[in-house]
Each structure stands twice: as structure tokens, then as C-alpha cells.
Amino acid sequence: MMRSLYSGVAGLRTHQTKMDVIGNNISNVNTTAYKASSIVFSELMSQTTQRASGPNAATGTGGVNARQIGLGVKSGAININITGQGSTQSTGNPFDVMINGDNFFVVNNGQENFFTRDGSFYVDGAGNLAMTSTGYNVMGWQVDETTGNIKKDTVSALRIMSAANLTYPPEATTKGYMSGILDKHDTDVTSANGKVVNMKFYDSLGYSYTAKFVFKQSDDVNEYSLELQKILDSTGKEVDLIDPGTKEKIDIATLFGAASEQTKTGKVTFDSKNYKWDNTGKLFRGTSTVPVADITQMYNNGVLKDLDEEIELDPTATPPVKATVQQQLDEIAKAYGYGGSTDEFMNLIYNAPNDAADLTNPDKVDKITVADMLANLSKTPAGSADGAGVNTTLPTYLNPVDGEATSFETAGRQFTGITVKFDGDTGYLSSVDAQTTNFASTLNLSKLGGQFSNISVDFSKVTLFDNKGTSTVGATNGDLEGLGTGRRLGDMIGVSIQQNGMIYASYDNGMTKLLGQIATASFANASGLEKKGDNLYSSTLNSGEFDGIGDDITANGGYMSTGQLEMSNVDLSSEFTEMITTQRGFQANSRIITVSDTMLEELTNLKR
């Protein structure tokens with residue numbers, strides 16, 4: 001009788017334990033990544049009142065089973081449904097990460113590693129990725145600085161917001177290309193100023209510049225010159241080209257291509273209605289007695305002075321009338337109909353006679369540019385007694401003293417750059433800078449200093465097609481695959497976590513950078529992990545040990561989802577059903593005690 005009483009007590013205790021498990025499950029129904037537990041019962045030891053006996057062949061009697069009376073129930077095991085995937089909860093937070101699969105995040109409190117399915121992370125004050133609830137550091141693999149790839153070694157804290165990661169370093173442009181249509185009927189292409197094409201580039205410090213190129217057509221409509229006209233900084237100001245070693249000015253012509261000539265016939269006419277020359281090399285505008293240009297002062301015996309140098313054209317005036325060399329060259333070009341195209345005018349080629357005696361013999365001529373003419377006019381004439389005046393032995397087209405309009409024919413133009421030729425039948429390139437296979441040329445910017453890199457410019461995508469008189473040719477920094485573009489300094493504008501746990505930062509200069517990879521742990525028997533509270537687990541002898549390195553989550557077919565969290569895998573319908581059966585079991589066991597107590601009461605009542 002006492003055995004049944006204690007069996008009932010054991011049943012009450014065991015069902016109470018089961019109710020504790022159910023209650024804990026229900027209380028954690030909204031706990032992130034909580035794994036539901038379940039309990040199984042096992043019977044207690046049984047009291048054997050008679051052992052089993054075997055059959056007796058001699059007497060012909062059969063065997064007898066053992067007679068055992070059970071002594072109650074106990075908790076056999078409490079299992080965790082640790083492999084059951086919880087539902088998805090969308091949060092929109094890029095640092096909330098959900099594991100799809102059987103792996104675990106690895107976190108560390110500074111002394112030991114723990115494991116969790118709770119992917120609610122944030123970036124702490126030190127820039128480390130950490131658990132929101134505990135502040136424990138999320139562990140992972142770092143980036144090998146040599147290769148830029150993930151180095152899978154012992155896991156360490158992922159410091160994604162370090163000072164080095166907040167910015168992306170600048171880089172000099174090393175490649176560029178031109179593409180589009182160059183229409184031979186485009187008025188920009190056929191004009192004296194040509195078709196301007198701008199290419200943006202960067203130096204190694206991240207400063208941006210613009211290289212201004214110009215396409216100009218020759219008499220052959222399939223042949224064009226391409227010149228580097230100027231380099232502008234990010235404010236639109238022309239860059240002073242200075243050699244960092246000698247501190248001397250660099251001629252822009254040395255940065256792209258080489259000196260060459262282009263066939264381009266034309267006629268230049270002097271505007272005698274608005275300008276006039278005297279026989280000393282001074283140019284006047286209208287009826288003014290103050291010259292706007294003085295060739296002899298612009299040169300030092302044939303060598304042009306600095307374009308920014310100011311010259312007094314009329315020192316007797318108050319204040320003195322001054323003009324820079326460049327302003328005087330502009331006035332001369334304007335007088336000959338090339339206003340706004342001074343460089344074009346200076347590079348026009350004329351078939352000049354060798355000397356005054358050959359003026360009537362067109363076969364005895366030298367190719368000479370307008371710039372060379374001006375240089376010669378500024379020289380002291382040979383045989384001059386007083387060393388004054390200009391060289392009047394040269395043709396007088398630059399010095400008409402009779403007031404009549406004077407003109408001359410040009411045979412071509414001199415330029416510094418490259419020659420671009422097209423196949424007139426196909427419209428595709430046939431040669432660039434005399435190269436018939438490699439349609440590229442180099443912009444030699446390294447001459448400007450160590451912060452600049454030479455840029456290889458590819459022209460293979462430029463075509464000579466009919467586009468109704470409109471050219472679409474343009475230049476882009478970087479090659480056709482987007483390499484060598486160069487960049488400015490970039491500030492971090494976002495962080496993203498990929499499905500394999502790799503963490504990338506994005507920057508406002510268009511670049512991305514790999515910051516690290518979240519490592520995961522897998523166990524042969526994940527149910528053997530021991531709960532440590534705060535959604536954490538630790539390894540045990542039965543779960544298997546963590547090797548300190550971890551696994552790539554994709555190795556087991558799993559993946560990570562960002563902006564989502566794993567919800568509890570508690571099934572309320574199942575829990576309430578279990579709660580009903582537990583309640584009934586508890587009630588039944590309480591009846592065992594009640595009935596046993598009544599029987600004991602009857603026993604004590606035998607003696608009145």
C-alpha cells in the first residue's frame with residue numbers, strides 16, 4: 001500500500017517537472033531563436049517479489065514470469081529541438097542576421113567562446129560587431145592584407161568600424177578609353193576649334209582633373225589629329241604644368257603624342273579695316289596710336305617670353321598701357337580672322353620662300369608656321385648697322401604698310417598629339433599614332449610629379465559613321481572592364497552582410513571593401529550543447545568541441561539572411577495539448593495518493 005502512495009508522489013513530481021518544461025517553452029514563445037524543450041518519462045526501478053523460472057521438462061511444468069511491482073516514474077531526459085528552424089521575423093536592420101541551417105554564431109565575452117542562434121547584432125563604440133543583448137563580440141575571420149582575401153584562421157573579434165575601414169584610399173587613374181561616333185560632317189569637327197572631348201582623371205591623392213582633347217579634321221576626311229589642349233583642376237582652373245624637379249614650366253605638348261603635321265589648306269586674310277601694322281613690328285587697332293601688340297618686345301631674339309609676362313606698349317601714357325604676351329598673341333590672331341583660336345593660328349603652316357630673292361620662285365620654299373614667322377620677325381636683321389627694326393627681308397604678309405588687305409594660303413597645320421585614321425569603307429579605325437593593331441596612346445602625366453600616373457587611352461571603340469552631323473565621341477576614365485579608373489578618397493556610407501557571412505563596406509567613391517567574414521560553428525550533436533542563458537550555449541563532451549576556427553556556413557548548405565531574425569520554434573498548439581495531458585496525468589497521480597490515503601485510513605480504523 002505504501003508503494004502506491006510513493007508512486008503517486010513520484011508521478012506528481014515528474015508531471016510537475018514536465019509542466020515546468022512546458023511553462024518555460026510558453027514563456028519563451030517570443031524569445032529570439034529560442035529552441036523548445038521536451039521531456040520524456042522513464043519508470044523507476046521495480047521491486048521483484050518473485051524471479052522468473054524456466055520450464056521443467058522433467059515435471060512437464062511451464063516457466064513462470066517474474067513478479068515485479070513498479071515504484072513510480074522519473075524524468076528520463078529533457079531534449080531540445082535545437083535543429084528545428086524558427087520562423088522569420090523581418091526587422092530591416094542590416095545588422096540583424098538569421099542563420100538558415102544548423103550552424104551557430106560564435107561570440108566571445110573576452111575569456112571564452114559561446115554559441116548562439118540569436119543574430120541581433122550592433123556595432124559598439126570600439127567598432128566591433130557585437131550581440132545587442134550581452135555585448136559579446138561576434139567572432140569571425142579577418143582579411144589578409146597581402147591578398148585581400150579572407151584568411152580562415154583562429155576566429156577573432158570583427159572590428160568592422162576601425163579607422164582604416166572608415167575611408168577608402170584614393171588612387172591615380174591609369175587607364176581610359178574613348179568611344180562613340182566621330183561624324184565627319186559635324187561642324188565642331190570641321191571648325192578651326194575642333195571637337196572637344198573631356199576625360200576626367202585622378203591623381204594618387206584623390207584630386208580630380210579634366211584633360212581636354214581636341215579632334216581636328218585634315219583635308220582627308222578619314223584622317224584626324226587628336227591633341228591635348230589643356231588640363232583643368234576640379235574648379236575649372238587651368239593647371240600650371242611645372243616639373244617638380246627643375247621647377248620649370250612643362251610644355252603641354254610633351255605630355256601627349258609628338259610634333260607632327262597635318263594637311264589642311266586654307267586662306268588667311270588680314271583685317272586691314274580694323275588693324276594695321278607699322279614697319280617696326282607693332283600692331284594697331286583702328287585709329288589708335290597705342291599698339292595692341294609689339295612683336296619685338298614679345299620675343300628675346302626669336303624666343304617667346306612667358307605668356308603671362310606683361311609688356312608696356314605705351315610707357316608714356318598715364319597709367320602706362322600694358323598687355324601680357326598672351327593678350328598680344330590673341331590680338332594678332334584676331335586681326336587675321338582667328339579670334340578665339342590663337343593656338344590654331346600660330347600652328348598654321350605656310351610654304352615660305354628661303355629668302356627675299358626667292359619670293360617669285362615657289363619651288364624654293366620652307367615649311368614654316370605663323371609662330372615661326374613671328375619669331376623671325378622679332379630677330380635683329382642681318383647686316384643691320386644699328387641693330388634696330390625688324391627683319392624686312394621676310395614676306396610682308398604680316399606687315400602690310402600699304403593699308404591693303406593681305407592674305408596668304410596655308411598648306412597645313414602643325415600639332416603635337418597623335419594622328420587618328422579611319423577606314424573610309426568600314427568607318428572603323430585603321431591606325432592610331434601609326435599603330436595598326438594597338439589602337440591606344442599614352443598620356444604622360446608622370447612628368448608632372450609622383451602623384452600622377454601615366455594613362456593609357458584606348459581608342460578602339462571610336463567610329464566614323466554618319467550620325468546626321470552630330471558626333472557622340474566621349475572619353476571615360478578606366479578601361480572597358482572598369483579597371484584603372486582612379487578614384488577620390490571615399491567615406492563609408494554603408495555596410496552589408498552577404499549570405500556567406502562576408503561583410504562588405506560601401507563608400508561614396510563607388511568602391512566596396514571586404515571587412516571580414518562571420519564564422520559559424522557546427523556540432524556533431526548540437527542537442528548536447530549546454531544552455532548558459534541569454535540565448536547562449538557552450539560546448540560539452542557530448543556535443544563535440546569547437547576547433548577554434550569554425551566553418552563557412554555555405555559549406556553545409558546553409559546561408560545567412562540580413563535584416564531578419566529567427567523566432568522561437570515553440571509550437572503553442574503542441575504546448576497547450578501537452579499541458580492538457582500533463583494536467584490530467586497530475587490529477588490521476590493525485591488520485592493515487594487520495595485512494596492510498598483512504599485505504600490507510602480504513603486500515604487504522606480496524607482498531608476502534
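Q: What is the relative accessible area of Asp433?
A: You are looking at a predicted model, where local features need pLDDT of at least 70, side-chain atom pairs count only at pLDDT 80 or more, and totals for chains, interfaces and linings use all residues. Residues are numbered from 1 along each chain as its sequence is written, and side-chain values use heavy atoms, leaving out hydrogens and water. Asp433 lies in the loop between strand E29 (429-432) and strand E30; helices (H or I, at least four residues) and strands (E, at least two) are DSSP runs numbered from the N terminus. Buried means under 20% relative accessible area, exposed over 50% and partly exposed in between, using a 1.4 Å probe and protein chains only, so Asp433 is partly exposed at 34%.

Q: What is the phi of Asp433 near?
A: Most residues other than glycine have a negative phi. Asp433 is not a glycine, yet its phi is positive, near 55°.

Q: Is Ala33 buried or exposed?
A: Look for Ala33 in the loop between helix H1 (2-27) and strand E1 (37-43). Ala33 has a positive phi as well, near 60°, although this residue is not a glycine. Its relative accessible area is 5%, so Ala33 is buried.

Q: In what order do the four strands of the open sheet stand?
A: Two strands pair if DSSP finds at least two bridges between them. The edges of this sheet are strand E30 (440-443) and strand E32 (474-477), each pairing on one side only. Its pairing is mixed, and the order is E30-E31-E14-E32.

Q: By what average angle are neighbouring strands of this sheet turned against each other?
A: Axes are lines fitted to C-alpha atoms, for helices over the stretch in contact, and angles run from 0 to 180 degrees between N-to-C directions. For this sheet the direction is ignored, and the average turn is 25°.

Q: Which residue in E31 stands opposite Gly180?
A: Strands of a sheet pair through backbone hydrogen bonds, either parallel or antiparallel. Strand E14 (residues 175-181) and strand E31 (residues 455-463) run parallel, joined by six bridges. Opposite Gly180 in E31 stands Val462.

Q: Which residue in the turn between E33 and E34 has a positive phi?
A: Strand E33 (residues 490-497) runs antiparallel to strand E34 (residues 502-507), with five bridges joining them. One facing pair is Ser496 with Tyr504 in E34. The two strands form a hairpin with four residues between them, and the turn residue with a positive phi, about 90°, is Gly501.

Q: What is the bridge partner of Thr167 in E33?
A: E33 also pairs with strand E13 (residues 167-168), over two bridges in the antiparallel sense. There, the partner of Thr167 is Asp491.

Q: How many of the five residues of strand E7 are buried?
A: Strand E7 (residues 104-108) is largely enclosed by the rest of the structure. Antiparallel to E7 run strand E36 (residues 520-521), over two bridges, and strand E8 (residues 113-116), over four bridges. Strand E11 (residues 137-143) is antiparallel to E7 too, with two bridges. The count of buried residues in E7 is five of the five.

Q: Which residue in E8 stands opposite Phe105?
A: In E36, the bridge partner of Phe105 is Thr520. E7 and E8 form a hairpin with four residues between them, and Gly110 in the turn has a positive phi of about 100°. Facing Phe105 in E8 is Thr116.

Q: At what angle do H1 and helix H7 pack?
A: The axes of H1 and H7 (residues 572-604) are 8 Å apart, and the angle is about 160°. Because angles over 145 degrees count as roughly antiparallel (under 35 is roughly parallel, 65 to 115 roughly perpendicular and the rest oblique), H1 is roughly antiparallel to H7. So the angle to remember is about 160°.

Q: How far from the backbone oxygen of Glu578 lies a polar atom of the side chain of Thr582?
A: Thr582 lies in helix H7. With a relative accessible area of 2%, Thr582 is buried. The distance from the Glu578 backbone oxygen to the polar side-chain atom of Thr582 is 2.6 Å.

Q: What separates the C-alpha atoms of Leu541 and Asn525?
A: Leu541 belongs to the loop between strand E38 (536-538) and strand E39 (559-562). Leu541 is exposed, with a relative accessible area of 84%. Leu541 and Asn525 are 16 residues apart along the chain, and their C-alpha atoms are separated by 9.9 Å.

Conventions
Polar contact = N/O pair within 3.5 Å; in protein donor to acceptor, adjacent residues only side chain to side chain.
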